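Subject: Handing over the structure

Hi there,

Here is the structure I promised to pass on to you. Please open it alongside this email, so you can follow each stop on the tour.

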Amino acid sequence: MKFKVERAVLDNGVRIIFAVVRGIDNHGDSAEWQEYRAARIKELCELYENIDIHADPVLEGFNILHDNVGVKRRKNIPASENLIKLLLKHHGMFYINKAVDIYNLISLESKLALGAHNIDKVDGDVTLRFTDGTEKYVPIGQEEPVPVAPHEYCYCDDSNEVLCRLEVRQVNKTAVDENTANVFYIVQGNAATPDELLYETARKIIDTTVKYCGGSGEMIIPEVV
């Protein structure tokens, strides 16, 4: 499986790298992970207690990215901003499974937009590209496809199915559950995020996933098409 990105998407300010971890065990949990998770959540709640989202260059950078491609802000809250709001609202983070919790926690730490997908459910390659409106899109938690607007940057596979819309919504098709063995992580930034932050975040996702779920990982810079 290859990872690709359209030049036009990069030109609009998207910054992207992928992390792949194969051979994980995503079943169950461990006291070590729960202890680490709880400590980091407490620290992040304190860190973000009085945050001004729009004054933060990385978080606001995703809203500016949406402005650049004509996506309305109110209905399309960037993933990292939404995570911070949920964290503060609930004074914590809902447990899903280890692999998903790892990327959610690291997204909170880095402020980057992260996502996890089951590699074994992907058809062919993954391309970050602008939509033309013909794509199939079944958002996570829904059963029927919903329309995709043209000229939205989305992660699509070779079957013309959206795997992640913008950095806002993932899908049922590649959702990571306890039985997932091979996962790829999206690590997405914007014009305000240096490449070093993307590399550091991808490396941390790989190292943390391997530590708590096993397997082996690598960073992948997508081919520009």
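Below I go through the sheet, a pair of helices, the salt bridges and two backbone oddities. Please keep in mind that this is a predicted model.

**The sheet**

A good place to begin is the open sheet, which has 6 strands in the order 7-6-5-4-1-10 and mixed pairing. Strand 7 (169-170) and strand 10 (223-224) are its edges, each pairing on one side only. As a general reminder, strands of a sheet pair through backbone hydrogen bonds, in either a parallel or an antiparallel way. Within this sheet, strand 1 (residues 3-5) runs parallel to strand 4 (residues 126-130), and 3 bridges connect the two. If you want a residue to look for there, try K4, which has T127 of strand 4 opposite it.

**Two helices in contact**

Next, turn to helix 3 (residues 57-69) and helix 4 (residues 79-90). Their axes come within 9 Å and cross at roughly 130 degrees. An angle from 115 to 145 degrees falls in neither the perpendicular nor the antiparallel range, and helix 3 and helix 4 are therefore oblique to each other. Helix 3 contributes L59, F62 and N63 to the contact, while helix 4 brings S80, E81 and I84. Sorted by class, the residues in this contact are 3 nonpolar, 2 polar and 1 charged.

**Salt bridges**

Side chains of opposite charge can pair when their charged atoms come close. The whole structure holds 17 salt bridges, and I picked out a few for you.

K4 from the sheet turns up again here: its side chain meets that of D125 in a salt bridge, at 3.4 Å from N to O. D125 sits in the loop between strand 3 (113-118) and strand 4, and K4 in strand 1, so this pair ties together parts that lie 121 residues apart in sequence. Is D125 buried or exposed? Its relative accessible area is 15%, and the cut-off for buried is under 20%, so D125 counts as buried.

The side chains of E109 and R40 form another salt bridge, with 2.7 Å from N to O. This one also links distant parts of the chain, as E109 belongs to helix 5 (residues 98-110) and R40 to helix 2 (residues 31-47), 69 residues apart.

A further example is K173 with D123, whose closest N and O atoms are 2.6 Å apart. Here K173 comes from the loop between strand 7 and strand 8 (182-189), and D123 from the loop between strand 3 and strand 4, 50 residues away. D123 is partly exposed, with a relative accessible area of 37%. Lastly for this part, R40, E43, E109 and K204 are joined into one network by salt bridges that share partners.

**Two backbone oddities**

Most residues other than glycine have a negative phi. Which residues have a positive phi although they are not glycines? H91 is one of them, at about 55 degrees, and L166 is another, at about 50 degrees. You will find H91 in the loop between helix 4 and helix 5, and L166 in the loop between strand 6 (162-165) and strand 7. As for their surroundings, H91 counts as exposed at 66% relative accessibility, whereas L166 counts as buried at 0%.

Enjoy exploring, and write back whenever you like.

Best wishes

Definitions and conventions: Residues are numbered from 1 along each chain as its sequence is written. This is a predicted model: local features need pLDDT of at least 70, side-chain atom pairs count only at pLDDT 80 or more; totals for chains, interfaces and linings use all residues. Side-chain values use heavy atoms; hydrogens and water are left out. Axes are lines fitted to C-alpha atoms, for helices over the stretch in contact, and angles run from 0 to 180 degrees between N-to-C directions. Helices (H or I, at least four residues) and strands (E, at least two) are DSSP runs, numbered from the N terminus. Angles under 35 degrees count as roughly parallel, over 145 as roughly antiparallel, 65 to 115 as roughly perpendicular and the rest as oblique. Contact means heavy atoms within 4.5 Å. Ala, Val, Leu, Ile, Met, Phe, Trp, Tyr, Cys and Pro count as nonpolar, Asp, Glu, Lys and Arg as charged, and the others, Gly among them, as polar. Two strands pair if DSSP finds at least two bridges between them. A salt bridge is a side-chain nitrogen of Lys or Arg within 4 Å of a carboxyl oxygen of Asp or Glu. Buried means under 20% relative accessible area, exposed over 50%, partly exposed in between (1.4 Å probe, protein chains only).
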